[in-house]
Structures are given as structure tokens and as C-alpha cells.
Amino acid sequence: MSQLLDRKSSNALRRGLRTKGLLCRVGPFSLELKSSAPGFAEMLSLMYEGTPVDLEPALHFTDFSINIRRPNSWRRFIRPQVQLEAENRMPWEPFPLDHSFPYFEWGFNWLIASRAHQYIMFQSAVLERHGRALIMPAVPGSGKSTLCAALMLRGWRLLSDEFGLYRPETGLIEPLPRPLPLKNESIDIIREYSPEAVVGPTYPNTRKGSVAHLRPTAASVGAAQQPAKPAWVVFPQYKTGATELLHPFAKGRAFLKLSGNSFNYRLQGARGFTAVADVVDSCETWHLEFSDLDKAASLLEEMTDQSVA
């Protein structure tokens, strides 16, 4: 039985997660998910609202499977924890019981990065405007996720904050609209940025510091089956107090940085080289320095408007 996730369905969702599991259709992937962790069903229905699920996962093909459960050891009574099992493997040590949702998100990321090699996977944010895609590859600390969140809250369609899923055969990027992970100072920045922002609880003391998740907009989730053709590659860099500057970036340097921000470029061999070259050749390539989210967003919107004029 298929339905869309919402907060009213948490009771049925909780029962399904504890028993048969659920089939979640997230972008191009089908995920079989089970969990007995308290509070996990509520967070899933909040952060993945509008995502299609099926209560009979055994009747369908699945790309991945995840089970988040309490460990079977005496320590569960002294230090409550959860264990993530992915494809019958346990890639990490148990996490604190109340961190089951970020644990799930990292497990899902790990499965995609290690298995979805039908795509060239860029470590980047991807958003759509005017029917075309903006790719923002960046290293941690560049402000990429914060800027991506602000653009989405200004009306851009989120394809992904983690993975640019590029299909060389079509020249398109597949959407994967999932919660955006906000870290440390970015959490309060985005909470205050827009009254439309739905930000979940803050999880302190994770391996990445404090983490909270921003729910994708309904428009982004509703268009999860609509790919977009890349048109712009922008390398963002946050600098405290910097004057916003968007300037052209040399294609050769763009190729090196984009290929270096791919999860599986080396594994793909010649296919990866050709794919990255095609993206760089077909896109405008830019570098963005910024300190103010609204000014940076305005520069990017002006850039995209001029491109389609």
C-alpha cells in the first residue's frame, strides 16, 4: 500500500518500521528501511514529508536496505545506543540512542556513495532555476550547505545538498531531495533566515559537531522525478567580511576542481573523464566569494537570469 509521508501517519509508520519495514522512494532510489529506535518514525515523517512510501517492501525491488536497531548487549541498559545495519553489514560502531536520525542519514549517504556507480557522483549541492541546474561543488567550511539552504528557501528547487547524480548517457542530473544537514553556526543562521524553514532538533557532539536538518521544500520533493540539465558550475567560498564577488573561473581549473569533488571519478576511468569534461564544456563556470547570504543569492539569481534572457 503506497502513501506519502506526513506527520499524521507516524503511528502506522512506527508499526511498519518495527515489523515488515517500509519501502521509501527517495529520488531515483528505493530504500527498504526498518527501525525500532524511539522517535525515529516521527523524525522520518517530519523530515521526509511528501516522500512516497510503501508498507509492503517485500513486493518490490529495492536498491538499498537499512535497519536501525538497539544492539543486543548488556550495555544497552547502561548506555542506550542504536546500531545501523546496511546491506547486512555494520559499517560503524553504535551511536547514542537519541542520534538515530543523523545516523540513518550518514548510512544512506554511505550506501549511495559506495553503490550508485551508474552515476558520476559529484560532492556538491545542486539546485534548479529556470529549468536548468546549478552545481556547487565545495569542500567543508566553504558555506556550501548554508548557501544551498538559503537558495532553496528563496524558491530554487533543491535537487540535492550532498550528491550531484550526473547520468552521462542523458546529460542530466537526477534529483535526490533529502534533508539538508546544517552544522554548528549554520543551524541558527538558517533558523533565523526564513520563517518557512523547517529545522529539526540539534544533535550535539556528533563527529561533525552540532548537526540539525532542514526539510526540503514541498516543491522540491514533489518534483523528485524531474531531472535537470547542468548549466552553471559555481565554486563558493565563504569569507568573513568579504564583499560578494562572482567572477568567471577558467575551464581547465574547473575541470580539476570538479573531478576532485567526485566520489567515484577515479573508479569510472575514461567514462568519468569524459563526463566531467562534458559538464564543464556545457556549463558556465564561476567562483563566488561571499559573506552575506542574500547578496550571494542575488548575484546567482542575476547570473541565471542573464543566461536565459
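Contact, in these notes, means heavy atoms within 4.5 Å. I'm working from a predicted model.

**Entry 1: the main core**

I started with Phe104. Leaving out residues up to four places away in sequence, I found Phe104 touching Leu31, Leu33, Phe40, Leu44, Tyr48, Ile66, Ile68 and Leu84. Then I looked up the core around it. The largest nonpolar core has 42 residues, and Phe104 and Ile112 have the most contacts inside it. Which elements supply at least two residues each? I listed helix 1 (10–18), helix 2 (40–47) and helix 3, plus strand 2 (22–26), strand 3 (29–35), strand 5 (64–69), strand 6 (81–86) and strand 11 (163–167). Helix 3 supplies the largest share of this core, seven residues. I also noted a second, separate core of 33 residues, with Leu147, Leu158, Ala231 and Val234 among them. A general reminder to myself: in soluble globular proteins, nonpolar side chains tend to be buried together.

**Entry 2: the largest pocket**

Next I went for open space. The largest pocket comes out at about 830 Å³. I get 32 lining residues, and those nearest the pocket centre are Pro140, Gly141, Ser145, Pro181 and Lys183. Two or more lining residues come from each of helix 3 (100–115), helix 4 (144–153), strand 13 (180–183) and helix 5 (185–193). Which element gives the most? Helix 3 does, with four residues. I sorted the lining by class and got 15 nonpolar, 10 polar and seven charged residues.

**Entry 3: the second largest pocket**

The second largest pocket has a volume of about 190 Å³. Its lining is made up of Glu49, Gly50, Met152, Leu153, Glu196, Ala197, Val198, Arg215, Pro216, Thr217 and Ala218. By class I put six of these down as nonpolar, two as polar and three as charged.

**Entry 4: closed space**

How many cavities of 30 Å³ or more turn up in the whole structure? The search gave me five. The largest cavity has a volume of about 60 Å³. I wrote down its lining: Glu105, Trp106, Asn109, Glu162, Arg178, Pro179, Pro181, Val211 and His213. Helix 3 and strand 15 (209–214) are the elements that give two or more residues to that lining. The largest share, three residues, is from helix 3. The class split for this cavity is four nonpolar, two polar and three charged. Pro181 is on this list, and I had already met Pro181 as one of the residues nearest the centre of the largest pocket.

**Entry 5: strand 14**

I checked Tyr203, in strand 14 (residues 203–206). Buried or exposed? Tyr203 has 7% relative accessibility, so I count it as buried, since the cut-off is under 20%. Beyond residues up to four places away in sequence, Tyr203 touches Met43, Asp98, His99, Phe101, Pro102, Gly209, Ser210, Val211 and His213. Val211 and His213 also line the largest cavity. For a long-range check, I took Tyr203 to Leu299: 96 residues apart in sequence and 33 Å in space, C-alpha to C-alpha.

Asn205 is in strand 14 too. I noted its positive phi of about 60 degrees, although Asn205 is not a glycine. Asn205 is exposed, at 74% relative accessible area.

**Entry 6: another positive phi**

His130 also caught my eye. Its phi is near 60 degrees, a positive value in a residue other than glycine. Where is His130? I placed it in the loop between strand 8 (120–129) and strand 9 (132–137). With a relative accessible area of 41%, His130 is partly exposed.

Terms used
Residues are numbered from 1 along each chain as its sequence is written. This is a predicted model: local features need pLDDT of at least 70, side-chain atom pairs count only at pLDDT 80 or more; totals for chains, interfaces and linings use all residues. Side-chain values use heavy atoms; hydrogens and water are left out. On a 1 Å grid over the protein atoms alone, a cavity is a set of points where a 1.4 Å probe fits but cannot get out, and a pocket is an open set with protein on both sides within 12 Å along at least five of seven lines; lining residues have an atom within 4 Å of a point. Grid points are joined across faces, edges and corners, and a volume is the space filled by probe spheres set on the points. Ala, Val, Leu, Ile, Met, Phe, Trp, Tyr, Cys and Pro count as nonpolar, Asp, Glu, Lys and Arg as charged, and the others, Gly among them, as polar. A nonpolar core is a set of buried Ala, Val, Leu, Ile, Met, Phe, Trp, Tyr and Cys residues joined through side-chain atoms within 4.5 Å. Buried means under 20% relative accessible area, exposed over 50%, partly exposed in between (1.4 Å probe, protein chains only).
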